[in-house]
Structure formats: structure tokens, C-alpha cells
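Fancy working through a protein model step by step? Have a look at it first, then try the exercises.

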Amino acid sequence: MHAKENAEALVTHFKTRDPHKLANAIGCKIVYKEFSDLNGTLLSINGAPIIMVSNKLPMHQEKYVIAHELGHLIGKHYENAFQLMKENKPRVRKFENEADAIAVCIIISDESLIEYKELTIQELASIFGLDQKLIELRLKFFDKSLYDNIAYM
């Protein structure tokens, strides 16, 4: 999995970590919808990617969901997604993990981790509005050669 490389290539090319701006820049429409059991999903209609997002999410969660769905788009996970979910749970879990990794690498830069080097994982989770498990996932992709005295490492 090349989650960090894929995320950084997108961020570098479009000069933003904002998932809304990234989606717009790559021609991916964002549609808000009321969902009862989903936060978001990626669709492809006539080859055009569309991210559908729950209209009831707080902004920090909305940003994560859009970044996660961009992860699916970058990873080309959208082909027959609904059929895949019914038939192949291990493959779905792999795709979800990859989309999570790409999403946290889009949202959190190595530079941000260095800036907040004195903070705990719980404090980082609070700052970025993400679950602690997502912060832990992002730390797996941290370039430790940039800084070697970080509290949460």
C-alpha cells in the first residue's frame, strides 16, 4: 500500500490538504444527502466520480469522510462496490483500511505532527477531530527521519 505517497502526490499537485478543494480539483462532485446508516459513499455515474456525504455530519467528520472517499477513488475501489460488499468482506476491509490510510495522510502532514510533537495521541485526536485509531494509523506513515524526539512515538 502506498497510501502516503498517493495522498502526498494529490496534495502536492493541487497545493491543498482540504478534501473539499481536492475533490473539486479532480472533478469529483460532492452531493449531500440524508443517510440513515452511512456517513458517505463513492459512486461513479457514467465515469464521473460522485461523493455522497451525510448532511448531518459535523465539519471535521465531513472532511474526513470526503478524504476517505477520495481514498477509495485514488485506490480505484469504486468498481462494483455494492456487489463487493455483499460477497467479499476481506477485500472490503482491505479497501476500507487503504482509504482510511490515504484519508489521514491527506488531512495530517508530517509537518503538523512535528508541530504538535509534545502532544499525546488523545490530544492529536482532539485537534484533528479524528478517532485515536486514525491518529495511530497516521503515525505509521510518519517519516521519523524528520524528527526523532516526539512524545507519541
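Below are four exercises on this predicted model, each with a worked solution.

**Exercise 1. The sheet**

Work out in which order the 3 strands of the open sheet lie, and which of them stand at the edges.

*Solution.* Start with the order, which reads E1-E3-E2, with mixed pairing. Now count partners: strand E1 (29–33) and strand E2 (40–45) each have a single partner strand, so each has one side without a neighbour in the sheet. Those two are therefore the edge strands. As for the twist, neighbouring strands are turned by 30° against each other on average, direction ignored.

**Exercise 2. Strand directions**

Find out how E3 runs relative to E1 and to E2: parallel or antiparallel?

*Solution.* Take E1 to begin with: 5 bridges join E1 to E3, and the two run parallel. Here Ile 30 has Ile 51 in E3 as its bridge partner. Next comes E2, which is joined to strand E3 (residues 48–54) by 6 bridges and runs antiparallel to E3. On this side, Gly 40 stands opposite Val 53, while Ile 45 has Ala 48 as its bridge partner. E2 and E3 make a hairpin with 2 residues between them, and Asn 46 in the turn has a positive phi of about 50°.

Is E3 enclosed or open to the outside? Since 6 of its 7 residues are buried, E3 is largely enclosed by the rest of the structure. Helix H3 (residues 59–74) lies across E1, E2 and E3, at about 150° to E3.

**Exercise 3. Two packed helices**

Decide how H7 is oriented to helix H8 (residues 132–139).

*Solution.* First get the geometry: the packing angle is about 105° and the axes are 9 Å apart. An angle from 65 to 115 degrees counts as roughly perpendicular, so H7 is roughly perpendicular to H8. Then look at who touches whom: H7 contributes Ile 121, Gln 122, Leu 124, Ala 125 and Phe 128, and H8 contributes Gln 132, Ile 135, Glu 136 and Leu 139. Sorted by type, the contact residues are 6 nonpolar, 2 polar and 1 charged.

**Exercise 4. The aromatic pair**

Classify the pair formed by the rings of Tyr 116 and Phe 128.

*Solution.* The count comes to 1 aromatic pair. The ring centres of Tyr 116 and Phe 128 are 5.9 Å apart and the planes stand at 85°, so the pair is edge-to-face. Now place the partners: Tyr 116 sits in the loop between helix H6 (110–115) and helix H7 (121–128), Phe 128 sits in H7, and they are 12 residues apart. Last, check accessibility: Tyr 116 is partly exposed at 25%, whereas Phe 128, at 17%, counts as buried.

Technical notes:
Residues are numbered from 1 along each chain as its sequence is written. This is a predicted model: local features need pLDDT of at least 70, side-chain atom pairs count only at pLDDT 80 or more; totals for chains, interfaces and linings use all residues. Side-chain values use heavy atoms; hydrogens and water are left out. Rings of Phe, Tyr and Trp (its six-membered ring) pair if their centres lie within 6.5 Å; planes under 30 degrees apart count as stacked, over 60 as edge-to-face and the rest as tilted. Helices (H or I, at least four residues) and strands (E, at least two) are DSSP runs, numbered from the N terminus. Buried means under 20% relative accessible area, exposed over 50%, partly exposed in between (1.4 Å probe, protein chains only). Two strands pair if DSSP finds at least two bridges between them. Axes are lines fitted to C-alpha atoms, for helices over the stretch in contact, and angles run from 0 to 180 degrees between N-to-C directions. Contact means heavy atoms within 4.5 Å. Angles under 35 degrees count as roughly parallel, over 145 as roughly antiparallel, 65 to 115 as roughly perpendicular and the rest as oblique. Ala, Val, Leu, Ile, Met, Phe, Trp, Tyr, Cys and Pro count as nonpolar, Asp, Glu, Lys and Arg as charged, and the others, Gly among them, as polar.
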